[in-house]
Each structure stands twice: as structure tokens, then as C-alpha cells.
Amino acid sequence: MRVLYASFLILLLAGAAGAASPPVPTFARDVAPLIYQNCSPCHRPGEAAPFSLLTYRDVKRRARQIASVTESRYMPPWLPEAGYAEFADTRTLTRDQIKLIVQWVRAGAPEGNGAEAPPVPAFPTGWQLGKPDLILTAPKPFEVPAAGPDVFWNFIYTPDVKVSRYVRAVEIRPGDAAAVHHANLLVDPSGSSRRREAEPGAGFPGMEVALERTSFDFDSHFLFWKPGSVPYSEPDGLAWTLRPGASLVLNTHLQPSGKPRMVQPSVGLYFTDHPPDKFPLLMQLEHDGALDIPAGARDFTVADDFRMPLDADALAVYPHAHYLGKLLEAYATLPDGRRVWLIRIPDWNLAWQAVYRYRKPIFLPRGTVVSMRYHYDNSAANPRNPNHPPKRVRAGNQAADEMGHLWLQVLPRGRGDHRMALEEALLEHRLGKYPGDYWVSLKLGAVRLARLDAPGALPYLEAAVRAEPDQPEAHNLFGAALRRVGRARDAIQQFETALRLRPDYQNARFNLANALAESGKLPEAIAEYRHILAIFPNDTNVQLQLDRALQRLKSPP
């Protein structure tokens, strides 16, 4: 009996000792998996992070720093608050994981049994998705100065495609990741961005890029890069179309790093033979017109609300503000009154902005109100305030200005392409905030023209011409609307004005030729058709119209 009691006592004490002294965390068993998943994608050779975290020696050297930045949640850089929408590829640590790292450091950062360590991650040294179908390199490098303010520079690429291609993925290689903070790729369907270059291939400055639209095009995909990001390959049916004559503009945020750096980015395009049968739209909420933040204001709020005109699914979100942004919220109020969160960022940091893709699409039924509420801190207590002492800050395109944008990638439900109805509602919403806005009036007129509603387009396009009479696109579209309602003489005047403003505007010249032909001015129309064919000799549509005009001239009615 005494033997049994003694055995029981020994087991009890052993259990108590085990409960009081859990195993000491080791690098190999406990810490390495966390580092390799959350830190090494950026902390490795060739990436923008200032040191590597691929070996035990690397990590032990920075152990106290790693514990500090993870405990404060400065690292890994993941801004959305948990519990407010679920995102794919979440890169964050749980409380228990952070506690484990701290315990490991306090224990002296032991390595443990190397056999328990996971393999050191192997990262691609070239293109992450394999060799692209088309590689584009900036024609000329741009030199980032050693010191000074941030620089925003746009590199232009002209893909040599003879027919429309369907792009399933884009991979951006910045050229020098230490100098490039992030980059956005924009599709310029008309190639108009080249007119902003001081010399061919040089690119042009600017943070926000407004691209001219000679036809009605939709921004549809997030083509975004930041250090450590993984290229995203679109599912079947969600590719986007690259048409002949289009340019691509890489809008880059460049940061001085203590020495001059030459940046010459490349873009890889991956094609698919499957044409898109799903048509998303990038939907923007903003109210920069209300951004006028007094010096010292601790909680300045900007809001915008938009009612969905149709059923749609939200696929991804991209919030954006500058240095004064603090609390960024976006949510949807469903028709039954329930609130569905789209994203909540309690401590915004411009340095870590990103596109966030939802783990599952979020359904936004017709009548849903999508809302953004952005809070700004322009006080001296804001450690990211670039002004000391604080000063008044308004909306603008420079980093020292402020912005409040929420971009949602939404996919309208139903068969076919329903983006035009959504875009029209968004434009009308924006015109309510900014009456007389040139671009909004122009695009609303373009929408109405595309919907074959020329009478409905006329007031918007006339407003655009009045707002900015030196814009050839406005005169060309206004002329197209006038021609469709039978006012050929007035249309001719608008096309001629567009050509005086831009003599190489061949779309306006073609419209002018057609209006001249309809008005019976056949010799003038023939001259314009021949002018276009001298530049584009293989344009079968222009040749057809020329042949018809010549036939009418030979055989008058």
C-alpha cells in the first residue's frame, strides 16, 4: 500500500512540475515556421527589407528587435483589424504566437534541435510565375536622388500586340526594390499618356494619373505591387483585355535611400486563350472635396455613401490615405439593415498600404449602401504627421497633401457585362458632389452615347466643353452626339475644333469625314478619308467609307 501511495505521489509531483514548466520554445521547432511564413518573404536578399531573416544566426542577431516589433504589432505589416471581414493570404500573428516569440527571446533564443526545423524557404530568383508571355522593360531608367522628398514617377510601356490578348496575370519587377515603395499598373487604351513625356521613353512625374479615354473603357483589376507581394493569377473568365495600340503606365512611389539609385522596372504579362466572361469594375468612394484639415485637428472625418443600383459581389478592397490617416473604415448596410464590414484599419500607415482580396466574395444586393468613414489626425500627437508644428492640409496629389479613397473591385451579377449601369450610377453620384466637374461630365456623356442615348448625352458633353474648352476629347464626343441627333453642321464645327486643338486626333478626323459625307460635302470628306489612310493604310473601315464616298461622287442621286 505504501508502495502504491509513493508511486502515486511521484506521478502527481511529476505532473505538477510538468504543468509549471512548459517546454522552452526553440527556433527550430517553434519560431522558424513563424519567421519563414511572415517575415522572410521581404527579409531576404534582393528585397526591400534592410536585413535578411533566413537562418538561425540571422534571426538570433535580431531576436530582441523581432520580439519588440511583433509585440507592438508593427511587424509583420498587416493593417486590417481581425474580425472585420476575412481576407485571403492574411499575414499576421496571433497573440499566442507573439507570446511564444517573447518567451523564446527571454529564454536566450535557443536554436533547439536542427532536425526539427522546417526547410529554409526557397524563393524564385527570376519571374515568380515563370517566364512571361511578354516582357516589357521601361525604355529609360529614372534616377532616384539620394535624399529629399518622395518621388512619384510614371514609366510608359507600349506592348507590341497585333490582336487583342487576354491577360490572366501581371508580374512587376521594380528594378531596385530598395528604392520602390509600391507601384500600380494602369491601362491607357488610347496611348494618350505618351503626350505627357518631355521626350520619348522618359516617362513623366505625378502621383495620380488621369488617362484620356477615346472610347468608353472600364478600370477593372487591381494591378498592384509592393515588396514581398506575390503576383495574382486571375481565375478563368476574369482575365482583362489588352488591345492593340494601348499603352501601360507604371505609377511608382520612389523613396530616396541615402545614395542615388537607377530604377528601370519591367512588367511581365501572362496571357490566356480564354476570353473573359466575367466583368468586374473598380468602384471608388471618396470625398476629397471635403478634405480641408485644420492644423491641430485630432479627429477630422471624411465620409461617402453610395447606393448599389444592382446585385454585385465585392472581390477585393484597396483603401488609401496619406500620413494623417488614422482610422479607416468601410462597411455595407444591406437592405434589411444589417451591417457587413468591408475593412477596418485602426492604425493606418501609408508605408504598408496594400490590396486585400476577400477569402470569399461579399454579396452586395441591390439597394445596399456602401460607406467609407476615414478619420485623420493632424495634431502634434500623430507620430506620422510630416509637419512640425502641424499646418492646414488639403486634398492633393503630393505626399504632403491628403487623400481619402476607397477602391472596391466588384463583380455585377448576371450574365453579360453590366458595368455600364454601375458606372453611370457612380458618375451621377460623383457629379452630385462636384457639379460642373469636367471629367465626370465627359464620362457621363460617353456612357449615354454608349447606351445609344444621344439626347441624354448632349447636356453632359456641352457642360464638359464649357468647363474645359481646350480639351479635344470633349469637342469630339460632343460632335458625335450632335451628329446622332441630326445636327450635322454643328457636329462638323466640333470635330474641326477638336482637330485644331490636336491635329493628329484621327478619331475626330474620321468623325469629321463621316459628318461631311452625310452633309453632301463629298470632296472634303474624301480628302479627310485619304488623310487617315496615308497614316493607317490597312484600316478597312476607313477604306470602305472612302469607297462609298467615291461611288456617290461618281453617281450622284
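**Notebook: loops, helix pairs and confidence in a predicted model**

I began with Pro389, which I found in the loop between strand E19 (369–376) and strand E20 (393–394). The model I am reading is a predicted one. I then looked up the bond that leads into this proline: the peptide bond from His388 to Pro389 is cis, and its omega lies near 0 degrees.

**Entry: the loop between H4 and H5**

I turned next to another proline, Pro76, whose place is in the loop between helix H4 (63–71) and helix H5 (95–106). Here I noted that the peptide bond from Met75 to Pro76 is cis, with omega near -10 degrees.

I checked backbone angles in this loop as well. Arg73 is found in the loop between H4 and H5, and I read for Arg73 a positive phi of about 65 degrees, although this residue is not a glycine. Is Arg73 buried, exposed or partly exposed? I recorded Arg73 as partly exposed, because its relative accessible area is 42%. Ala85 is also found in the loop between H4 and H5. I noted for Ala85 a positive phi of about 90 degrees, and Ala85 is not a glycine either.

**Entry: helices H8 and H9**

Two packed helices are described by the angle between their axes and the distance between the axes. I looked up both values for helix H8 (residues 454–467) and helix H9 (residues 472–484): the axes come within 9 Å and cross at roughly 150 degrees. Angles over 145 degrees count as roughly antiparallel, and therefore I entered H8 as roughly antiparallel to H9. H8 passes H9 in a left-handed crossing.

I then listed the residues that make the contact. From H8 they are Ala454, Leu458, Leu461, Glu462, Ala464 and Val465, and from H9 they are Ala474, His475, Leu477, Phe478, Ala481, Leu482 and Arg484. Sorted by class, the contact of H8 with H9 has 10 nonpolar, 1 polar and 2 charged residues.

**Entry: helices H11 and H12**

I repeated the reading for helix H11 (residues 506–518) and helix H12 (residues 522–535), whose axes come within 8 Å and cross at roughly 155 degrees. H11 is therefore roughly antiparallel to H12. The crossing in which H11 passes H12 is left-handed.

On the H11 side I found Gln506, Arg509, Phe510, Leu512, Ala513, Asn514, Leu516 and Ala517, which meet Leu522, Glu524, Ala525, Glu528, Tyr529, His531, Ile532 and Ile535 in H12. The residues of the contact of H11 with H12 divide into 10 nonpolar, 3 polar and 3 charged.

**Entry: the protein as a whole**

I counted the secondary structure at 13 helices and 21 strands. Along its principal axes, the C-alpha trace of the protein spans about 125 × 55 × 50 Å. What share of the 557 residues counts as buried? I recorded 49%. I also looked at contacts between residues at least 6 apart in sequence, and among these 76% join residues at least 24 apart.

**Entry: confidence**

I closed with pLDDT. The mean pLDDT of the protein is 89, and 94% of the residues reach 70 or more. Over residues 1–18, however, pLDDT stays under 50, and for this stretch the model has 0 contacts beyond four places in sequence. Where pLDDT is low, the predicted coordinates should not be read in detail.

Terms used. Residues are numbered from 1 along each chain as its sequence is written. This is a predicted model: local features need pLDDT of at least 70, side-chain atom pairs count only at pLDDT 80 or more; totals for chains, interfaces and linings use all residues. Side-chain values use heavy atoms; hydrogens and water are left out. Axes are lines fitted to C-alpha atoms, for helices over the stretch in contact, and angles run from 0 to 180 degrees between N-to-C directions. Helices (H or I, at least four residues) and strands (E, at least two) are DSSP runs, numbered from the N terminus. Angles under 35 degrees count as roughly parallel, over 145 as roughly antiparallel, 65 to 115 as roughly perpendicular and the rest as oblique. A crossing is left-handed if the near helix is turned anticlockwise from the far one by less than a right angle, and right-handed if clockwise. Contact means heavy atoms within 4.5 Å. Ala, Val, Leu, Ile, Met, Phe, Trp, Tyr, Cys and Pro count as nonpolar, Asp, Glu, Lys and Arg as charged, and the others, Gly among them, as polar. Buried means under 20% relative accessible area, exposed over 50%, partly exposed in between (1.4 Å probe, protein chains only). pLDDT is the predictor's confidence in each residue, from 0 to 100.
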